Amino acid sequence: MSEDKQPTMKAAVIQVTPFQQNCTLIWDTKTNLGAVIDPGGDLEQINHAISEVGIKPEKIVLTHGHIDHAGGAADLKAQLKVQIEGPHKADEFLLNGLEEQGREYGFAAKNVTPDRWMDEGDKLTIGGHDFEIAHCPGHSPGSLVFINHAHKFILMGDVLFQGSIGRTDFEYGDHDALINAIKTKLLKLDDDYAFIPGHGPGSTIGMERQNNPFLK
C-alpha cells in the first residue's frame, strides 16, 4: 500500500496495554470511513490516533477474545457509538471473562458481547473494502484472520507473527490446529500478501513461508 500506487486503504498501528498489542486503524482514503481493530486498552491513545489521522470509525473489529485485544472494546463502543464485529463465537467464554482477566493482569477491562459473531465464509467490510474471513483456531478457539485480496493485506491477530506463531500453552490452546490452519488457509496465499500481526513488526506470507522456524 505504497503512496506511489495511490492506495485507497491505509492502516495505522497503536501499541496498547502492557502486552504492547497492535491496535490497528484501517480506513478508506477517500471517505475516511474505517474501523478500530482490537482495542485492548489505553483508549486515550486510540482516540488520539483516531483524531490525528481523521478516521471516521464505523465499527470495532475483534480478532479474538484475549484481554490485550478486547479489554477496551466495551468502553470504546460506548464512546464511539458503533457496533462490535467478531470474533468467532467459540471465544465467547474469553469475552465473558475479561474483567476477571483484568484483575489477574492488573489493568482495567470489561466483559463484552459483540453485535455480530463471525465465522469462515462470512465477509467483513471496512470503509467499503471487503475482507475474507478465515477461522484459524489454536491460539484461541475463536481466532479469526481477515484477508483483503484487493490490496493483498491481512489483519492477522495472534495467529502468525514475524518468525513466530501464536501461543498455544493455554488450557484451551491447540498447537496442531494452529499449524494446520496456517498451512492450509494462509500459506496458500501469494508471497506478497503483507500482514499486521497482533504484536511486533509486520511481515509477508513469503517471508514467513521461507524463514519461520515453526512452519518448517
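On a 1 Å grid over the protein atoms alone, a cavity is a set of points where a 1.4 Å probe fits but cannot get out, and its lining residues have an atom within 4 Å of a point. Rolling a probe the size of a water molecule over the atoms shows where empty space is left. The structure is a predicted model, in which local features need pLDDT of at least 70 and side-chain atom pairs count only at pLDDT 80 or more, while totals for chains, interfaces and linings use all residues. Residues are numbered from 1 along each chain as its sequence is written, and side-chain values use heavy atoms, with hydrogens and water left out.

The whole structure contains one cavity of 30 Å³ or more. Its volume is about 60 Å³, where a volume is the space filled by probe spheres set on the grid points, which are joined across faces, edges and corners. Among the residues that line this largest cavity are Gln21, Asn22, Thr24, Leu155 and Ile196. The lining divides into five nonpolar residues, six polar and one charged; here Ala, Val, Leu, Ile, Met, Phe, Trp, Tyr, Cys and Pro count as nonpolar, Asp, Glu, Lys and Arg as charged, and the others, Gly among them, as polar. At least two lining residues come from each of β2 (21–28), β9 (153–157) and β12 (194–197). Such strands (E, at least two residues) and the helices (H or I, at least four residues) are DSSP runs, numbered from the N terminus.

The strand β2 may be considered next. All eight of its eight residues are buried, a word that means under 20% relative accessible area, whereas exposed means over 50% and partly exposed lies in between (1.4 Å probe, protein chains only). Gln21, Cys23, Leu25 and Trp27 point one way from β2, and Asn22, Thr24, Ile26 and Asp28 point the other way. Cysteine 23 counts as buried because its relative accessibility is 0%.

Strands of a sheet pair through backbone hydrogen bonds, either parallel or antiparallel. Two strands are said to pair if DSSP finds at least two bridges between them. β2 pairs with β1 in the antiparallel sense over eight bridges, and asparagine 22 in β2 is the bridge partner of glutamine 15. These two strands form a hairpin with four residues between them. Threonine 17, in the loop between β1 (9–16) and β2, has a positive phi of about 65° although it is not a glycine. This threonine 17 counts as buried because its relative accessibility is 5%. β2 also pairs with β3 (residues 33–37), again in the antiparallel sense, over four bridges. Leucine 25 has valine 36 in β3 as its bridge partner. In the hairpin of β2 and β3, asparagine 32 takes a positive phi near 65°.

The other two strands of the lining belong to an open sheet of six strands, in the order β6-β7-β8-β9-β12-β13, with mixed pairing. Its edge strands, β6 (123–126) and β13 (203–204), each pair on one side only. Within this sheet, β9 and β12 pair in the parallel sense over four bridges, and leucine 155 stands opposite isoleucine 196 in β12. Lysine 152, in the loop between β8 (144–148) and β9, has a positive phi near 50°. Lysine 152 counts as partly exposed because its relative accessibility is 26%.

Terms used
1 Å grid on protein atoms, 1.4 Å probe; cavity = no way out; pocket = protein on both sides within 12 Å on 5 of 7 lines; lining within 4 Å.
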